[in-house]
Amino acid sequence: MPQHSYGAIPWIGLTVLLPLLGFLVNGTLALVRPQAKRVVSLVGTGVLLASFIVAVLVVLQLRQETLIGPYTVTFWHWIVVDTLQIDFAFALDHLSAVMLLVVTGVGFLIHVFSVGYMREDPGYARFFAYLNLFIVFMLLLVLGSTVPLMFVGWEGVGLCSYLLIGFWYEEKANADAGKKAFIVNRIGDFGVLLAMFILWTSIHTLNFAVIAERAPTMLEAGGPVVTMVTLFLFLGCVGKSAQIPLYVWLPDAMAGPTPVSALIHAATMVTAGVYLVARTNVLFAMAPLSSTLVAGIGALTALFAATIGLRQYDIKKVLAYSTVSQLGYMFIGVGTGAYVAGVFHLVTHAFFKALLFLGSGSVIHAMHQAYHATHAHEDAQDMRNMGGLHRYMPWTFALMTIATLAIAGVPPFSGFFSKDEILAAAFARGAEHPVFYLFWGMGLVGALLTAYYMARLLTMTFLGDNRTGTAEQEHLHEAPWVMTAPLVVLGALSLAGGILNLPAFVGGHHALETWLDPVFEPAKKFSQLVMPHGSTELLLIGGAVVIAVIGLVAGIRGTLVRPIVVAKNAPAEMGFARVLFNKYYIDELYQFLIVSPIVGLSRLVLWKGVDQSVVDGFFVNGSAALMRGLGWLGSRLQTGQVGVYVILFLVGVVWILGSVLR
Amino acid sequence: MTDFLTSVGYGQWILHALIALPVLGAIVVLFGTTANAKRIGLVVAVLEFILSIGLWWAVDTRPGTMQLVAAIPWIPTWGISYRVGIDGISLFMVLLTTMLLPLCVLSSFTYIAKREKAYYALLLLLTTGVLGVFISLDLFVFYVFWELMLIPMYFLIGIWGGTNRLYAAIKFFVFTMAGSLLMLVAILVMVYRIRVVTGVLSFSYEHLLLNAVKVRSWSPWLFGGFGLAFAIKVPIFPFHTWLPDAHVEAPTAGSVMLASVLLKMGIYGFLRFAIPFFPSVALGPDITALVIGLALIGIIYGALVAMVQPDIKKLVAYSSVSHLGFAMLGVWAGSVQSVQGALMVMIGHGFSTGALFFLIGMLYERRHTREISAYGGIARVVPLFSVILMIASLSSIGLPGLNGFIGEFLILLGSFRNHPVAVGLATTGVIFAAAYLLWALQRLIFNRLDKPENSSLRDLTLREVLVMAPLVIGIVWLGLFPGPVLRKMEPATKRYLELADPGIHPIKLFSFADKSK
Amino acid sequence: MLLGPALALSAILFSIGVAGVLLRRNAIVLFMCIELMLNAVNLSFVALAQVHGLGGQIMVFFVMTVAAAEAAVGLAIILAIFRHTQSVDLQNINVLQG
Amino acid sequence: MTAAVFYLLGASAIASALLCITRKNPVSSALWLVSTMFALAGIYVLLHAQFIAVFQVLVYAGAVMVLFLFVIMLLNLGREASDVRGKPAWALAAAVMVILGAQFFAVWHYTPAQMASEQHSGAAVADPLAFFPNNALAAEAARPDDAFGALSASLFQNYLVPFEITSVLLLVAAIGAVVLAKRRI
């Protein structure tokens, strides 16, 4: 790719360098003078703002240039070994531009929010240091030109999520959650590593652009190599984007502060898997089997997570399972080959899910202050203790409603357009492989459940009568403007997000689709997708809207019909509800099937058994004992009886004579 | 820089200086007073390091052959001469040793209280032994230094060690000695057989390398002798039980030198002697299958057993077994990437495990216990210590962007072509590594600060930060800019691969090997 | 030339001596049996001296002197032991037990 | 004629040896040993080793056996309970006797002819005795007149050093015996 001076584009390095500087400054402050909150917040958010502005400039510059391949900025030769040449280089194309904007934009908003949310926390500086470091790694992931460089970002964000989930490390549960997240991610990374090795041995390159070039010619479409690569890549995505079976870490990740959940476990990191599939679209297009698997697992996760979300009482847990479910939708999108729909849903989801999380953050913040004021020890995140908060937090309530309508897929909001496109794509793909009809169906049911549990969340927290307790009520009040302002911005975005990719029948011209076309063009050769249009399209849309409305209404009425009891004396769940509440006992299953056997095996069998007794005991100490035994035997011979010596003597004589004479 | 070095004739005297300086230092330490023993030791160590930095420019590794070769006849009648030389591979081992020495001396200032003079003298002597092994080009001289290295280590563990240090010291000594005696026999038989065939009696490396092919009929046994000695040193799976005991009982500096440098002599021995001498045996189908199998076991077994260790030092020791299993896989996979990956693991492991042992030593100095359960939640009390411990552990589990990843990535990438299944299994080792180290880290610095003694821990002093700084910088630097190091070692690895090709008909030791391949 | 029979006689005497050593518990008698064995050896020396020259006979000289010295020292030891344990029975002289 | 005398002396030697080892009383076994020695002296004479015969009688029978008797008297051992060992010892002795006998019998067929032919790798040797280099010495010694000349010549010429060593040996033995036996030195 010829490197011309493209105005602002060479400044792309700044978007990563600035947060890195922010991390270094905040990091040293955390160690040296953690109480310098003002400086920390200025540096932390300022750096993000600057990086966002640079990103906008770069993207504007990119819009004017019509470049065929990605624009590469090489900083230095990273790993150089004989034929393997990996550079520390950023590749900027339309897809990474979109991600760049989302990461820096939403990132900036969440930084502003956390200035207010984490104000009293002693680890304030450390928190911002980790957040900045996270942005560095996320940008590395998005901008990396080669798979290993992306992998640096990939595991880097895993590390930051580990640090941030276990931010309040005094609690063993938080530290456990952090460790669990990292290890489950590592299982996913195992897949990415193997995919890299197969790629290297088959087509001798790890550079995304070169992969897109060489794959069609050097690899045979639908062949074993391509399928293996894509399956391993997908294993990485399952680990990172919390799909079945590796989703267990995301609900536990709610142990981290809420801005973390918003930034990492809603908007950016978890979407890395979708980005990876989109980035390597050529390979997935060439491997129909794995694409179908991607869509299948996406659909299954969407439905499965939605069911669990129904009976959760912790506000953040509901949102966590909703994220897992929405990610499932994105994978249905990219699985059916409608990469644009997947990315579009990724963007809109980033907006309204971040808004939902931050909104719940404000609610939890308010509840904390209330309980703090009256020294009550209640779970500030349990919806059963909330209720009727719309009187105290009007702004948060309004914005949360917008987000709920968006996620449910009600027409004017962004969620409707992106989710509808995915379902339409699944329906269209159904024509070729009937199994996609099943995925479409599961997606539809998932949409219904999503609408239901989001409505349930909204009513339990904001509507109905207040259950926090009379004393606490006067302490409940709206979050400070520094927290509500980002909410407003996100509200606007989730409201207007749809215009990014307005479908034809509403007069739009698929702006995002045309923008992302050059990126997904190589995949076109292998899997064409004709979107439904005309009557079928209208029918689908109508159905989706009806589903959304039914879900919402049922959600609201369902929760208001029975009086909700305050958390501390709530009756235990019964029957299937208990199964849902305990998330199908998946965690206990994993613990029983995988974790304890491995630990048990390695303690008893490997360490005590093999290492101590066999290798150490038997061979090492055993041989020592053998020598001692022989010595003892020898001494037994010296009985002191002269007679015995004579006999031994004679036996010797006889032996020698015998051997001589033979 | 290079012209300054040539002007001062650096190439001629540096190798001899590197060997002689520690010995002189040891003597001076012994004759000095106990109080300033450690100061002299530090001066000598720093001087040694400064001298050795010049090697980076002086050694021209482009041709890949031995540089700065100097030979002084020692016992002419037996063809033994004191030949030394350095190439791309041994250069980094020497630099690693000389860099760690001052850190070791600095870290034992407050750690060692009794018999300080002997301690620092032995530490310096150990360095001579180690450097000698890495630069000697004469089998006899190599063996002398190999044994010379053993004795100080034995005393370091035996005198300044923990509770049952004698058992550990003796076990370490007997284990290594058994192996090296077999190697001595192999050396002598090889030299003699070659003399019979060629009529020239000489222990020099080039001579033996040239004529090793002439003793083909003996090569399985000779390789066995060499291989066993190096396998014990690496340590490969069945011969590894001395490592945890030696580490647990050794003082901090001792276990750092043991882990970061002494273990690498095993792999260096394979790269320099065992494989180039008898490639047809070493890289034949069955030995390859055997070694890779053992390496795999080492990786996974080491990681799993490390997971359940109550003692943090034993945990890191077993992690070394796992890391060096990767290196062995890299060496035997026989592609440029995998061998360079093995070298990078040798260097990277030196940094990360060295750092871990230093930190554990500092913790031990404060709380006099290595049980993980005795700690908990100390991140709030000692933030700087926890940050450095976190960096060192992340480098050890191979987080991309730090040095651990480079080595392991190259090994796995390079070995995938001809051992795909082995690589698949080895990569799971990466998951277990994350599991055991993070679990230990959590029990150590996170969780609730419930034990009162932990709340009074004081953070790292300036001296301790000075010890850790070079390692942390090295970890980050090697992770982001491995280019210069990789380029410098590439010619040497290419030359090694030329020597180490099994040829058209490799020797099969066990008949079953044919069916399995 | 009585070589054959002489050697046979020597063998028989030697065996008797050995049997004596095995059977008797009395230290003195043990010594005597050893003397007997030595005489048997002397006999074979002398017998073979006919064939191989006087070297054999000279050996007998040396054997005799050694036997004499051995007898002297042996008996002195037995005296010392006797003084200590009042018995010459080999059975209970086992102070050198390992 | 000489053969007959030899067999007579041989038989008496064996008989007295057997009696020597079987007598309970040490004194009688000592005396039977002396009689064996006399028989042997006779045999030496037959084997043309007159000097050795005389030496045997003088030194061996005379000095050594006297010493034995002296010690036996000193310790006045008298009649002891049968100090012969139990059944297993007999069985072992018998076994050893049988094995030793078999081995000596195997040795017996090594006649000079056999030895000579073996060294010539199987070829029959005409005159086996000529084969042995210093056989001439033996022939000369057979001459009756100066039997002692040849013997003393080789003793004091070829074997002078061992001769001196034995004298030192005797000296040491004497001192040793004195130190051991004396109660207080």
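Tutor: Let's fix a term up front: a residue is buried if 20 or more other C-beta atoms, placed from the backbone, lie within 10 Å of its own, exposed if 12 or fewer, and partly exposed in between. This is a predicted model, where local features need pLDDT of at least 70, side-chain atom pairs count only at pLDDT 80 or more, and totals for chains, interfaces and linings use all residues. Residues are numbered from 1 along each chain as its sequence is written, and chains are lettered from A in the order in which they are written.

Student: Is Leu68(B) buried or exposed?

Tutor: Leu68(B) sits in strand β1 (residues 67-75) of chain B; strands are DSSP runs of E, at least two residues, and helices are runs of H or I, at least four, numbered from the N terminus. Its phi is positive, about 50 degrees, though it isn't a glycine. Because Leu68(B) has 20 C-beta neighbours inside 10 Å, it counts as buried.

Student: And His204(A), buried or exposed?

Tutor: His204(A) lies in the loop between α6 (172-203) and α7 (208-218) of chain A. Its phi is positive too, near 55 degrees. With 12 C-beta neighbours inside 10 Å, His204(A) counts as exposed.

Student: Which element gives the most to the side of chain D that touches chain C?

Tutor: Contact here means C-beta atoms, placed from the backbone, within 7 Å. Chain D puts in 70 residues and chain C 57. On the chain D side, the top giver, with 11 residues, is α3(D).

Student: What is omega between Ile244(A) and Pro245(A)?

Tutor: Pro245(A) is in the loop between α8 (224-240) and α9 (249-252) of chain A. The bond joining Ile244(A) to Pro245(A) is cis, with omega about -5 degrees.

Notes
Two residues are in contact if their C-beta atoms, placed from the backbone, lie within 7 Å.
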